[in-house]
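Here is a short tour for someone meeting this structure for the first time. Look over the sequence and the model, then read on.

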Amino acid sequence: MLSGVVLVSLSNQAFSQSLTNTAHIKTDAGAYIVCPLDFKNDTTGNVQNNSNIYVGGNFVNNSAFISGNISNVKLDGAAQDIGGTSSTTFNNLIIDGTDNKTISINTSVADSLVFNANKILIANNNFYLLTNATIVNADNSKFIVTNGTGNLIKKSLPFTTDFLFPVGDALNSYKPAILNYTGIIDTFAVRVETGVNPTTGADQTCVQNTWLIEESNTGGTTASLNLGWNTIDEGTSFVDSIALLWQNISGTWTSITGTPGAINNLPATNWYHVTTGITDFSAIANRFIVKTFPPPSITTQPTNQTACTGNNMTFSLTATGMGTLTYQWQENCGSGWSNLTDNTTYSGALTNNLDISNISLFNNGCLYQCIVSNAGGSVTTTTATATVNPIFNIPVNAAICQGTTYTLPDNSTVSVAGSYPVTLQTINGCDSVIVTTLTVNPIFNIPVNAAICQGTTYTLPDNSTVSVAGSYPVTLQTINGCDSVIVTNITVNSLSVAPAGITPSQNPVCSGAPVSLSVNGGSLGTGASWIWYNGNCGASQIGTGSSISVTLTSTATYYVRAEGTCDTTTCANLTITINTNLPVSVVISTPQTSICGGASVTFIAIPVNGGATPAWQWYINGVAVANATDSIFTTLTLANNAVISCILTSGETCATGNPATSNTINMQVTPTVTPTVNITSNPAFPVCYGTTVTFHVTSANGGTNPTMQWFVNNNYIVNGANYTPANISNSDQVYCVLTSTLTCVSNNNIQSNTLSVIFNPLHVLSATQQAESCHGAGDASINLNITQGTPPYTFHWDYTSDNGTATTATAANLHSGTYNVTVSDSKSCSVDTSIFISPEGTGCLFIPTVFSPNGDGENDILFVYGSSIKSLLLRIYDRWGNKIFKTDKQTVGWDGTYNGTPFNAAVFVYYLKAELQNGSITEQQGNITLLK
């Protein structure tokens, strides 16, 4: 144990057992510390390692352990652990010895992690490779076991370079991941877990591991990923030749596009697969697996099919497999296999059922098979044969005499002409059809219907004549061996009787009015109709039937007669007289179409062909006005955009366009409004004395250019929408008078509200000051005295004190110069002033005790201050007594670094010796605090 000392510097040291440090250890470059057992840096200890530490037991760090940039720590014992309460950053960490190592706390390596033997188990802790760190000698027997939630983390992964993450989920399970990426500078965390998580639903098609790979700055990444595994890790359904990387994105496993297949990777692992173009390693997309798609499996093969010509045929199969299955049926009719597509003959060519419609003898003997595919490959069914048997159609022509029968091939009989198909005995499962076409020749009692007019005769087939209605049979010569008897049925048609006259529905009539004309008397014979004419009988036919309707515009004569099968009668006629039509119209007017709301307005209607007793109805917006039934209409209640109209109903007999609707009048009614006016001030009262105030008007119903008259204490001042007075006094009374330019207002010259002027008084400042005791001493001060105004007061100085912005009436620790301050009272009234502190002529020596070299431009360099220094010597030491800075020039200061390396926050010791211009020599020493 090392204790009770401030600093121990070691060159070469071996300890027989354990080393427990409670002091400060600093090792020189090239030195060795050898601990056969544990190395422990206790809570009160501090280690600056610039050399080599060999540990045979556990490495325990409970305090500060600083690794120099050429230092090494080697673990060369049996089962060893890196632990403690403080995380350790090693420069070079060497893994050696006879057994595997563990870490019990987050651990980092700055330069290299060297595997000479064994493995590191990180459990739930992270192992960090810093920006420049590399891994040396890692392979399938020397790697990092991610046996918990801990990750192997590489800071600032190199661009466009393969970087190996030598990880595995168990001591005998090496599962390396290699990343090669471009994008923004990024940190990657990698670990591998046992099993597939989350499950894919077909885990046995996967390597039985899950890689978790996550970046710290998502976006802008394009990477290739190489994952390695061994045959023993593969699931029972895994197929190396169709391996792919899969990524879980937001809970869903998705294959990554790439060339499927595993590549031999001996001796590192049995296999690996690499995929490019991965762009997302975020927290929702950080899980990767190696997975395959096995080809489909045919569970039911297609079988041979037989059908008759013209029937349908179906080939079917049943297949199982992962993902989406696709189907392609093929046909071979002697010229090789060809893919089928759906058309009028084939359907289902891309499904598991192929249908052939209206099959022909061409398909007889053709072979059929189907290729079933998925992402894992394809499989072809066995072949099936199509057998197509013919169907025979035999035509037969036959003839019989009317009244006899014909015996068909199936021994049934028919007696009517037509086509008769008969299905005969089955041939190869297909029936043959005999189609008999039967002709029936006429015989016996052929009927003939004939008609004659009353008073005429009909000649029969034997040339005899008859004039009376009845049936007359005549036997004729044999036709096609069949005798025929023609029976003539005679009908005698009657004659028509001429009409006695025409009866009208009205006569005379108004022009354009319909008139109904009816036949008076007479009768219709066989097949006869009443035919109507215009102008003269038989000239221009205008209708048929016992009555017609006509529309006339001038006087005209109409005719009617009976026309039938046997005769045409004489015409009856009638002349219709027409009266002239009178068009009806009405026009309305008013003296004015623009009024103010509530004004009275009168409308007048002027009729055309209104007759002796016209009827009136006035409308507003299409709604009838009650009791408005005269030609003059007056109202007081019109609204804006009201539409006025009138309807005239004429008393004339032949009035047209009756009733008539007038023109419309659109009324513009302007509402009568009351103007309003209100004034405000900006800023609002009360205000600080001397503040410029502007008064603003807010008005309504003032028109486009209202007049605004401003009054102060009842005296007219000026016109305008705004008023900014040049001189105004406390308690002045301000108001405005508005004159509207609108036409329809209830009254005008409206006075606004009145505002009272209220000023808050300003405070008065005076200052007392104390100059520096000597030039550069920085011990001057200013004290402000305040009268008037309204306390409490707030202060804002234009400089920053050691403890923050100076906000009090007193400013201390000042150098000579000018200082500005703003003082505000509780009414927000502010006064600015400047105070000048004159410099002192006598110099003095001064060095700050605190500085902050953080690059903010303030207090970044530590200088020696004083105006009468002839020469000086300044040295600065760290807490172990090492000299880290010296200067003999007042213009050269310390920037907080040593050999270009910046220090962290700490306390340092200084020694200062100076000779002043008056010949006196002074020496100082003390502490300097470096802040970050």
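Cys333 is partly exposed, because its relative accessible area is 36%. This value, like the others here, comes from a predicted model. Cys333 is bonded to Cys366 through a disulfide, with an S to S distance of 2.0 Å. Its partner sits in another setting: Cys366 is buried, at 1% relative accessible area. The torsion about their S-S bond is about 115°, so this disulfide is right-handed. The pair links distant parts of the chain, 33 residues apart. Cys333 belongs to the loop between β35 (326-332) and β36 (338-339). Cys366 belongs to the loop between β38 (353-356) and β39 (367-374).

**Disulfides**

The count comes to six disulfides. Three of them are set out here.

| Pair | S to S distance | S-S torsion | Handedness |
|---|---|---|---|
| Cys333 and Cys366 | 2.0 Å | about 115° | right-handed |
| Cys537 and Cys571 | 1.5 Å | 40° | right-handed |
| Cys596 and Cys744 | 2.0 Å | about -75° | left-handed |

Take the link of Cys537 and Cys571. Its sulfur atoms are 1.5 Å apart. It also connects distant parts of the chain, 34 residues apart. Cys537 is in the loop between β55 (529-534) and β56 (540-544). Cys571 is in the loop between β58 (556-563) and β59 (572-576). Cys537 counts as partly exposed, at 29% relative accessibility. Cys571 counts as partly exposed too, at 24%.

How many residues apart in sequence are the parts tied together by Cys596 and Cys744? They are 148 residues apart. Cys596 lies in strand β63 (residues 594-596), and Cys744 in the loop between β78 (733-739) and β79 (750-751). Is Cys744 buried or exposed? Cys744 counts as buried, with a relative accessibility of 5%. Cys596 counts as partly exposed, at 27%.

Now consider Cys370. Why is there no bond from Cys370 to Cys333? The closest cysteine sulfur to that of Cys370 is in Cys333, and it is 16 Å away, too far for a bond. A disulfide needs sulfur atoms within 2.5 Å. Cys370 is buried, with a relative accessible area of 0%. Cys206 is buried as well, also at 0%.

**Strand β38 and its partners**

Strand β38 has two faces. Leu354 and Ile356 make up the covered face, while Asn353 and Asp355 make up the uncovered one. Strand β33 (residues 313-316) pairs with β38 in the antiparallel sense, over four bridges. Within β38, Leu354 stands opposite Phe315. Strand β37 (residues 346-347) also runs antiparallel to β38, joined by two bridges. There, Tyr346 has Ile356 as its bridge partner. The hairpin of β37 and β38 has five residues between the strands. In that hairpin, Gly348 takes a positive phi near 80°.

**A three-stranded sheet**

Strands of a sheet pair through backbone hydrogen bonds, either parallel or antiparallel. Which strands make up the open sheet of three? The order is β62-β64-β67, with antiparallel pairing. Its edge strands are β62 (585-589) and β67 (632-635), each pairing on one side only. From one strand to the next, the twist averages 20°. β62 and strand β64 (residues 601-608) pair over five bridges. One bridge partner pair is Val587 with Ile606 of β64.

**The largest nonpolar core**

In soluble globular proteins, nonpolar side chains tend to be buried together. The largest nonpolar core here has 53 residues. Which of them touch the most other members? They are Leu93, Leu113, Phe127, Phe165 and Ile213. Strand β25 (residues 222-229) gives the largest share of this core, four residues.

Leu113 has a long list of contacts beyond its neighbours within four places in sequence. Among them are Leu93, Ile95, Phe127, Leu129 and Ile144. Thr134, Ile135 and Val136 are in contact with Leu113 too.

**A buried lysine**

Lys142 is placed in the loop between β16 (134-136) and β17 (144-145). Lys142 counts as buried because its relative accessibility is 15%, and the cut-off for buried is under 20%. A polar atom of its side chain lies 3.4 Å from the backbone oxygen of Asn137. Leaving aside neighbours within four places in sequence, Lys142 is in contact with residues including Phe115, Asn116, Lys119 and Asn137.

How values were computed:
Residues numbered from 1 in each chain as written. Predicted model: local features only at pLDDT ≥ 70, side-chain atom pairs only at ≥ 80, totals over all residues. Heavy atoms only, no water. Pairing = 2+ DSSP bridges. Axes fitted to C-alpha atoms, helices over the stretch in contact; angles between N-to-C directions. Buried < 20%, exposed > 50% of the residue type's maximum accessible area, 1.4 Å probe, protein only. Core = buried A, V, L, I, M, F, W, Y, C linked by side-chain atoms within 4.5 Å. Contact = heavy atoms within 4.5 Å. Polar contact = N/O pair within 3.5 Å; in protein donor to acceptor, adjacent residues only side chain to side chain.
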